[in-house]
Amino acid sequence: MNGMVPPAHFPFMPPFSHDGQMQHTLSQPISSVGTGLHTGARISLRLSPAAENTGIVFHRTDCAMPPVTARYDTVVDTQLSTVLGHGPQDARIATVEHLMAALAGCGIDNVLVEVDGPEIPVFDGSAAEFVFLLECAGRRQQEARRQQIHVTRPVRVEEGDAFAELTPATQPGLGIDISIDFPAAAIGQQRYATQVDSHLFREHLSRARTFVLQPEIEHLHAIGLARGGSLDNAVVVNGESVLNPAGLRHPDEFVRHKVLDAIGDLYLAGGLIEGHFRGHKSGHTLNNRLLLKLFADKANWHVVPAGTPAGQPCTQAA
Ligand SMILES: [Zn+2]
């Protein structure tokens, strides 16, 4: 954030999912420059308004890659971050999840994201810079009604003792409940459960940084990844120690970041989900498998105009 604060007159964003039933885009374009986590390269990012029903579209300006819509079925890799592309062998755009989380948290439905490299800048490893950019650009209501995805029956994916599941909402909007359990004593067991709204996202989740274990980062450097990784864009943990001189932003910053990641990954549904997410040791891979399984069977979900109470019969959209 470099000490910058959004203009004080910016009207605070309404709640996450019931902030009005209309779609929103940005009031004006906005640009920034940051470092790519994996390439270490300087990357320019530009966010521009987009028409109703466009969704979130990513475009690389440095190569001939056709624009790609951010959706669970354009995810081509989830090993180190959530990566979008048209196919596993084609050009790609990595590390989209923190920007996607900020767009979800700020209630932006339609935007064109342009970068001149293969990944979104990592900034400080959280979503704070993206929220700052979105707030500076401003938010404009559009003419089309927002659509929401209601989860209508439980869907679950597992990997060992890790799992992620979506169940029908018991209250309006998206509920998230994530637990983690790391051998590193500085992280240990943490759990965070909440109903997501824009205020909570901005104040309690958006500044939570990604984290990495010291032995992992040494391995990534050895194989040529995380070249841009540093104490400036991740919390680095070694056993019971946090190596960042300024320490943590929240005592449970680790699990808060996992919640942030899940919000970004779930926004790849193509709209805001109304349902309850529960994850244990979950991450990008399970989050993506969960959406693939959700949308594989039309009995699991339906699309309704925003504001429709859960359980209401509705039109089935493809
Ligand atoms: Zn993350």
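**Exercise 1. Classify the packing of H1 and H2, and list the residues that make it.**

Step 1. Take the geometry. H1 and H2 pack at an angle of about 45°, with axes 8 Å apart. Axes are lines fitted to C-alpha atoms, for helices over the stretch in contact, and angles run from 0 to 180 degrees between N-to-C directions. The helices themselves (H or I, at least four residues), like the strands (E, at least two), are DSSP runs numbered from the N terminus.

Step 2. Apply the angle classes. Angles under 35 degrees count as roughly parallel, over 145 as roughly antiparallel, 65 to 115 as roughly perpendicular, and the rest as oblique. H1 and H2 are therefore oblique to each other.

Step 3. Assign the hand. H1 passes H2 in a right-handed crossing. The rule: a crossing is left-handed if the near helix is turned anticlockwise from the far one by less than a right angle, and right-handed if clockwise.

Step 4. List the contact, meaning heavy atoms within 4.5 Å. H1 supplies His 98, Leu 99, Ala 102, Leu 103 and Cys 106, and H2 supplies Phe 130, Val 131 and Leu 134.

Step 5. Sort by class. The residues of this contact divide into 7 nonpolar, 1 polar and no charged. Ala, Val, Leu, Ile, Met, Phe, Trp, Tyr, Cys and Pro count as nonpolar, Asp, Glu, Lys and Arg as charged, and the others, Gly among them, as polar.

A note on the model: it is predicted, so local features need pLDDT of at least 70 and side-chain atom pairs count only at pLDDT 80 or more, while totals for chains, interfaces and linings use all residues. Residues are numbered from 1 along each chain as its sequence is written, and side-chain values use heavy atoms, with hydrogens and water left out.

**Exercise 2. Repeat the analysis for H1 and H5.**

Step 1. H5 spans residues 253-266. The axes of H1 and H5 come within 7 Å and cross at roughly 80°.

Step 2. H1 and H5 are therefore roughly perpendicular to each other.

Step 3. On H1, the contact uses Glu 97, His 98, Met 100, Ala 101 and Ala 104. On H5, it uses His 257, Leu 260, Asp 261, Ile 263, Gly 264 and Asp 265.

Step 4. The classes come to 5 nonpolar, 3 polar and 3 charged residues.

**Exercise 3. Work out the strand order and pairing of the sheet that contains S4.**

Step 1. Write the order. The open sheet has 5 strands, S2-S3-S9-S4-S5, with mixed pairing. Two strands pair if DSSP finds at least two bridges between them.

Step 2. Mark the edges. S2 (30-35) and S5 (68-69) each pair on one side only.

Step 3. Go through the pairs. S2 and S3 run antiparallel, joined by 6 bridges. Ser 32 has Leu 45 in S3 as its bridge partner. The hairpin of S2 and S3 has 6 residues between the strands, and there Gly 40 takes a positive phi near 75°. S3 and S9 pair in the antiparallel sense over 5 bridges. Pro 49 stands opposite Val 111 in S9. S4 (residues 56-60) and S9 (residues 111-115) pair in the parallel sense over 5 bridges. Arg 60 stands opposite Val 115 in S9.

Step 4. Add the helices. H1 (residues 97-106) lies across S3 (42-49), S4 and S9, running at about 145° to S4. H2 (residues 128-137) packs on the sheet and touches S2 and S3, its direction making about 165° with that of S2.

**Exercise 4. Describe the sheet that contains S7.**

Step 1. This open sheet has 3 strands in the order S6-S7-S8, with antiparallel pairing.

Step 2. Its edge strands are S6 (75-77) and S8 (92-93).

Step 3. S6 and S7 (residues 83-85) pair over 2 bridges. Asp 77 has Val 83 in S7 as its bridge partner.
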